[in-house]
Amino acid sequence: MQPHPNVQAVQRALDDAGARDGSGGPSRVRLLPEAVHTAAAAADALGVAVGAIANSLIFDADDAPLLVLTSGAHRVDTAGLAATLGVTHLRRASPDFVRRHTGQVIGGVAPVGHPGPLRTLVDTALAGYDEVWAAGGVPQAVFPTTYAELLRITAGTPAEVA
């Protein structure tokens with residue numbers, strides 16, 4: 001059975017970037033037995049701390065997409081982040097906005113594999129884990145990587161987002 005096109009796009013982006021997991025091996029998308037729509041569910045399925053889950057959250061920042069990769073252990077401070085970024089409106093994006101800018105659905109948005117580049121912030125709290133897990137393009141797909149790799153493969157900016 002062929003993987004979902006989104007999973008293929010994420011794996012292709014990981015391969016093209018030479019992305020690595022926490023042990024230095026290639027990052028490979030893994031399909032879980034069922035969808036994991038929350039950081040807690042993903043952490044339980046993987047047997048890792050919830051803080052090691054890199055949630056991919058898409059925000060509407062003055063009508064432009066902003067990808068925030070945040071530790072599953074906390075929530076984004078949207079007011080503080082908006083002030084830091086100098087944007088007037090920063091709000092969670094609608095499902096249509098997310099799909100339009102990522103080609104993926106909420107609950108499965110990956111840090112990579114989008115139709116075009118997205119401005120990306122990577123939560124500095126993820127640096128506290130040797131390996132982090134991110135979504136792989138659909139709600140039941142995940143892949144292992146590291147904080148440094150997330151910064152590199154997304155061209156992201158380190159940020160305190162909570």
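1. A salt bridge is taken here as a side-chain nitrogen of Lys or Arg within 4 Å of a carboxyl oxygen of Asp or Glu. In this predicted model, D60 and R91 satisfy that criterion, with their closest N and O atoms 3.9 Å apart. D60 belongs to strand β2 and R91 to strand β4 (residues 90-92), so the pair ties together parts that are 31 residues apart in sequence. The two partners may be described by their accessibility: D60 counts as buried at 9% relative accessibility, while R91 counts as partly exposed at 39%.

2. How many salt bridges does the structure hold? The number is three. Besides the pair of D60 and R91, there is one between D15 and R28, whose closest N and O atoms are 2.7 Å apart. D15 is part of helix α1 (residues 5-17) and R28 sits in the loop between α1 and β1 (30-31), so this pair ties together parts that are 13 residues apart in sequence. Both residues are partly exposed: the relative accessible area is 41% for D15 and 44% for R28.

3. A further salt bridge joins the side chains of E149 and R152, at 2.8 Å from N to O. These residues are three residues apart in helix α5 (residues 147-154), and are therefore separated by about one helical turn. E149 counts as buried at 12% relative accessibility, whereas R152, at 43%, counts as partly exposed.

4. D123, in strand β5 (residues 119-123), merits separate comment. What is the nearest side chain of opposite charge to D123, and how far away is it? It is R75, at 12 Å; D123 is buried yet has no salt bridge. The side chain of D123 does have polar partners. It makes a polar contact with the side chain of T70 at 3.0 Å, and it reaches the backbone nitrogen of S71, also at 3.0 Å. Leaving aside residues up to four places away in sequence, D123 touches L69, T70, S71, H74, Y147, A159 and V161.

5. T145 lies in strand β7 (residues 141-145). Is T145 buried or exposed? At 0% relative accessibility, T145 counts as buried. The side chain of T145 reaches the backbone oxygen of R20 at 3.1 Å. With residues up to four places away in sequence left out, T145 touches R20, D21, G22, S27, D130, E131, V132 and L150. T145 and L14 are 131 residues apart in sequence, and their C-alpha atoms are 9.8 Å apart in space.

6. Helix α2 (residues 39-46) has A39, A42, A43 and L46 as its buried residues. These cover an arc of only 100 degrees around the axis, which puts them on the same side of α2. Which strands help to cover the buried residues of α2? Those that do so include β1, β2, β6 (132-135) and β7. Just after α2 comes G47, with a positive phi of about 70 degrees.

7. In helix α4 (residues 95-102), the residues F97, V98 and T102 are buried. Viewed down the axis of α4, the buried residues fall within an arc of 105 degrees, so they line one face of the helix. D96 and R100, on the other side of α4, are exposed. The buried residues of α4 pack against β2 (53-61) and β3 (64-71). G103 follows α4 and has a positive phi, near 75 degrees.

8. Strand β2 recurs in several of these points. It contains D60 of the pair with R91, it is among the elements that cover the buried residues of α2, and the buried residues of α4 pack against it.

9. As to annotation, an unreviewed UniProt entry carries the label "domain: YbaK/aminoacyl-tRNA synthetase-associated" for residues 34-152. In the model, the end C-alpha atoms of residues 34-152 lie 29 Å apart. This span is 25% helix and 29% strand.

Key
Residues numbered from 1 in each chain as written. Predicted model: local features only at pLDDT ≥ 70, side-chain atom pairs only at ≥ 80, totals over all residues. Heavy atoms only, no water. Helix = DSSP H or I, 4+ residues; strand = E, 2+ residues; numbered from the N terminus. Buried < 20%, exposed > 50% of the residue type's maximum accessible area, 1.4 Å probe, protein only. Lys, Arg positive; Asp, Glu negative; His and termini not counted. Polar contact = N/O pair within 3.5 Å; in protein donor to acceptor, adjacent residues only side chain to side chain. Contact = heavy atoms within 4.5 Å. Arc of directions from axis to C-beta. UniProt positions renumbered as here; feature names shortened; annotations may be inferred.
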